[in-house]
Amino acid sequence: MKADNYINATIKGLPSNEALSRVIVASFASQADPTFEQIADIKTAVSEAVTNSIVHGYEGEEGEIRISCRMHRNILTVEIEDYGCGIENVEQARQPLFTTNSDGERTGMGFTVMELFMDKVEVYSKPNQGTKVIMIKRLMAHSEES
């Protein structure tokens with residue numbers, strides 16, 4: 001893939017749209033002919049980011065989530081942005097096992113999972129203004145596997 005390409009989508013912050021977000025990003029990434037493992041990694045990271053927006057960003061309220069993807073050569077950049085409550089302390093939120101949900105259903109591993117499956121993860125957030133997660137992954141085409 002030599003030319004830049006991009007896609008922007010806005011979805012309603014509903015749990016049922018989490019699967020849609022994975023399909024959008026995986027379909028876009030497929031232009032670089034990534035490996036099956038790379039697609040699985042991307043889908044997992046996107047799922048975590050979108051779920052964080054739905055569960056923590058909007059805390060049960062309705063909201064929108066913006067998904068932006070860019071491809072430059074074989075570098076995929078994915079941005080997941082919500083306009084919800086934001087994160088007061090991003091560094092604390094990125095710590096494994098930290099969660100603001102006291103119901104016991106959340107593990108506090110969302111950012112850790114994103115970091116595990118992507119090459120780089122950046123998080124920008126302001127209280128009452130929302131959160132943007134930027135994830136970057138270098139894709140190796142099937143033809144480049146050795």
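Here is a short chat about a predicted model, going from its sheet to its helices, core and salt bridges.

Student: In what order do the strands of the open sheet stand?

Tutor: There are 5 strands in this sheet, and their pairing is antiparallel. From one strand to the next, the twist averages 10°. Reading across the sheet, the order is E1-E2-E3-E5-E4.

Student: Which strands stand at the edges?

Tutor: Look for strands with a single partner, because one side of such a strand is left without a neighbour in the sheet. That picks out E1 and E4.

Student: How many bridges join E4 to E5?

Tutor: These two strands run antiparallel. One bridge pairs Lys-126 with Gly-130, which sits in E5. The number of bridges joining E4 to E5 is 7.

Student: Which strands does H2 lie across?

Tutor: Start with the helix itself: H2 covers residues 36–57. It runs at about 15° to E3. The strands H2 lies across are E2, E3 and E5.

Student: How far apart are the end C-alpha atoms of helix H2?

Tutor: We can work out what to expect: H2 has 22 residues, and at 1.5 Å a residue they should span 32 Å. The distance in the model agrees with that, at 30 Å.

Student: Which element supplies the largest share of the largest nonpolar core?

Tutor: That core has 32 residues, and Leu-76, Ile-80 and Met-135 have the most contacts inside it. Several elements each supply at least two of its residues, including strand E1, helix H1 and helix H4. The largest share is 7 residues, and it comes from H2.

Student: Are Lys-137 and Asp-41 buried or exposed?

Tutor: Their side chains meet in a salt bridge, 3.5 Å from N to O. Lys-137 is in strand E5 and Asp-41 in helix H2, so the pair links parts of the chain that are 96 residues apart. As for accessibility, both are buried.

Student: Is Glu-62 buried or exposed?

Tutor: Glu-62 makes a salt bridge with Lys-12, at 3.1 Å from N to O. Lys-12 has 39% relative accessibility, so that residue counts as partly exposed. For Glu-62 the relative accessible area is 59%, and since the cut-off is over 50%, Glu-62 is exposed.

Student: Which residues do salt bridges that share partners join into one network?

Tutor: Begin with Arg-66 in strand E2 and Glu-79 in strand E3. Their closest N and O atoms are 3.4 Å apart, and both residues are buried. The full network is Arg-66, Arg-70, Glu-79, Glu-81 and Lys-132.

Note on methods: Residues numbered from 1 in each chain as written. Predicted model: local features only at pLDDT ≥ 70, side-chain atom pairs only at ≥ 80, totals over all residues. Heavy atoms only, no water. Helix = DSSP H or I, 4+ residues; strand = E, 2+ residues; numbered from the N terminus. Expected span 1.5 Å × (residues − 1). Core = buried A, V, L, I, M, F, W, Y, C linked by side-chain atoms within 4.5 Å. Buried < 20%, exposed > 50% of the residue type's maximum accessible area, 1.4 Å probe, protein only. Pairing = 2+ DSSP bridges. Axes fitted to C-alpha atoms, helices over the stretch in contact; angles between N-to-C directions. Contact = heavy atoms within 4.5 Å. Salt bridge = Lys/Arg side-chain N within 4 Å of Asp/Glu carboxyl O.
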